[in-house]
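The following exercises ask the reader to work through one protein model. Each task is followed by a solution in steps.

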Amino acid sequence: MAPDRRIKVLVVDDSAYNRKAIAEILEGIPEAVVVGKAADGQEALQLALVERPDVVTLDLEMPRMDGFAFLRLLMSAQPTPVIVISAHAEKENVFRALELGALDFVAKPTHKISPEIYDVREEVMRKVRLAAEVGPHSLHRLKSYLPSELSPTGGFPVVVPDRVQAYAPGQEPPADRIVVVAASTGGPATLTRILSALPADLDAGIAVAQHMPPRFTTTFSERLGKQCALRVTELTTLDVLRRGTAYIAPGDHHLEITTAARGAVIRAVRPSPKDKYVPSGNLLFQSAAHTMRKNVLGVVLTGMGDDGAAGALALAGEGGEIVVESRETAIVDGMPSAALRNVPDATELPADKIALRIAQFARGAG
């Protein structure tokens, strides 16, 4: 962003205290200016159409018109980056908002009106700055990533080969191939699109490091499980790496691949205070490279920063394959671009082609 460009922000919250607090937090961004404050979705929509903000911060539970109706109308009339600011207790609502086109979210420390909202000051400022870099064309792609109706097998136009049948729950055979995935901003929608297109009896395990706060990853994995034929679980301890299973890293742990007498094992490990990203795509990729070498497919999806880049380099050095989401579909291309700089011969694919490549890899096809 040019240094002299202002970031116009619309603050939407039914609490006058929260509106004031969020506006004060935004004062920490020199280039930001609050162009309006709204107490409900109806007022917010009128202000958005007049002021044309670069970013909207949005509460979800409001009188007259709630945040969901506001999102539907805003994304239809004037796609705008929206950061949801919501309480931990509203996790289901947060993911519903992401499905309606919200870019990202910040978890309030408490559901009550409280000075603790200032505890998320740095996160709010960072995500508003990021959102201001995202153009309307990216928002149109984000909105198109989820099916209009949720079903056990999803609804995306990706064709994978027919297989015999799903494994009995908890009886999936051990996997000798693994797909490791790193994702951040825009990742929930993209991951849903990809995983819901895969068959239940996929001949590989999948491990996902999605940047997301603790507790939200639990809800995310549960929602994925309802939309995917794969078994989806948030891994909090350890398990034998199993076929047809997608393991989601808890928001406050890393996932690590290691070996045991019974084969490859996947486990959740506590982070170090010096770790830049938690969960870390780099640590996941590096452990998979060390343990399974060429039997690994690394996938770097949308996100800000460079998580996954060092891991992609380590994985390529062991003969593994790297796929990065192309700019054609990536909501934020920071992570894919960083991986591509480290591994220039990585394969670039749009999101709707990645599931097919995963299915081919699981079958041992080049």
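**Exercise 1. Describe the pairing of E13 with E14, and place both strands in their sheet.**

Strand E13 (residues 296-300) and strand E14 (residues 321-325) run parallel and are joined by 4 bridges. Strands and helices here are DSSP runs numbered from the N terminus (E, at least two residues; H or I, at least four), and two strands pair if DSSP finds at least two bridges between them. The model is a predicted one, in which local features need pLDDT of at least 70 and side-chain atom pairs pLDDT 80 or more, while totals for chains, interfaces and linings use all residues. Residues are numbered from 1 along each chain as its sequence is written, and side-chain values use heavy atoms, without hydrogens and water.

Step 1. Locate one opposed pair: valine 300 stands opposite valine 324 in E14.

Step 2. Extend to the sheet, which is open, has 7 strands and follows the order E8-E10-E7-E6-E13-E14-E15 with parallel pairing. Its edges are strand E8 (231-234) and strand E15 (347-349), each of which pairs on one side only. From one strand to the next, the twist averages 20 degrees.

**Exercise 2. Determine which strands H10 and H11 touch or lie across, and at what angle each runs to E14.**

Step 1. H10 lies across strand E6 (178-183), E13 and E14, and runs at about 150 degrees to E14. Axes are lines fitted to C-alpha atoms, for helices over the stretch in contact, and angles run from 0 to 180 degrees between N-to-C directions.

Step 2. Helix H11 (residues 334-342) packs on the sheet, where it touches E6, E13, E14 and E15; its direction makes about 145 degrees with that of E14. Contact means heavy atoms within 4.5 Å.

Step 3. List the buried residues of H11: Gly334, Met335, Pro336, Ser337, Ala338 and Ala339. Buried denotes under 20% relative accessible area, exposed over 50%, and partly exposed the range in between (1.4 Å probe, protein chains only). These buried residues pack against E6, E13, H10 and E14.

**Exercise 3. Is alanine 314 buried or partly exposed, and which residues does it touch?**

Step 1. Alanine 314 belongs to helix H10 (residues 309-317).

Step 2. Its relative accessibility is 30%, so alanine 314 counts as partly exposed.

Step 3. Beyond residues up to four places away in sequence, alanine 314 touches Gln286 and Ala289. Serine 287 is 27 residues from alanine 314 in sequence, and their C-alpha atoms are 9.2 Å apart.

**Exercise 4. Is threonine 185 buried or exposed, and what surrounds it?**

Step 1. Threonine 185 is found in the loop between E6 and helix H7 (187-195).

Step 2. Threonine 185 is buried because its relative accessible area is 6%.

Step 3. Residues up to four places away in sequence being set aside, threonine 185 touches Leu103, Asp104, Leu130, Thr302, Gly303 and Val332.

**Exercise 5. Characterise the ring pairs of phenylalanine 216 with phenylalanine 95 and phenylalanine 105.**

Step 1. Count the pairs: there are 4 aromatic pairs. Rings of Phe, Tyr and Trp (its six-membered ring) pair if their centres lie within 6.5 Å; planes under 30 degrees apart count as stacked, over 60 as edge-to-face and the rest as tilted.

Step 2. The ring centres of phenylalanine 95 and phenylalanine 216 are 6.5 Å apart and the planes lie at 55 degrees, so this pair is tilted. The pair links helix H4 (residues 91-99), which holds phenylalanine 95, with helix H8 (residues 216-227), which holds phenylalanine 216, across 121 residues. Phenylalanine 95 is buried at 3% relative accessibility, and phenylalanine 216 is buried at 0%.

Step 3. Phenylalanine 105 and phenylalanine 216 also form a tilted pair, with 4.6 Å centre to centre and 40 degrees between the planes. Phenylalanine 105 lies in strand E5 (residues 104-108) and phenylalanine 216 in helix H8, so the pair ties together parts 111 residues apart in sequence.

Step 4. Assemble the cluster: ring pairs link Phe95, Phe105, Phe216 and Phe220.
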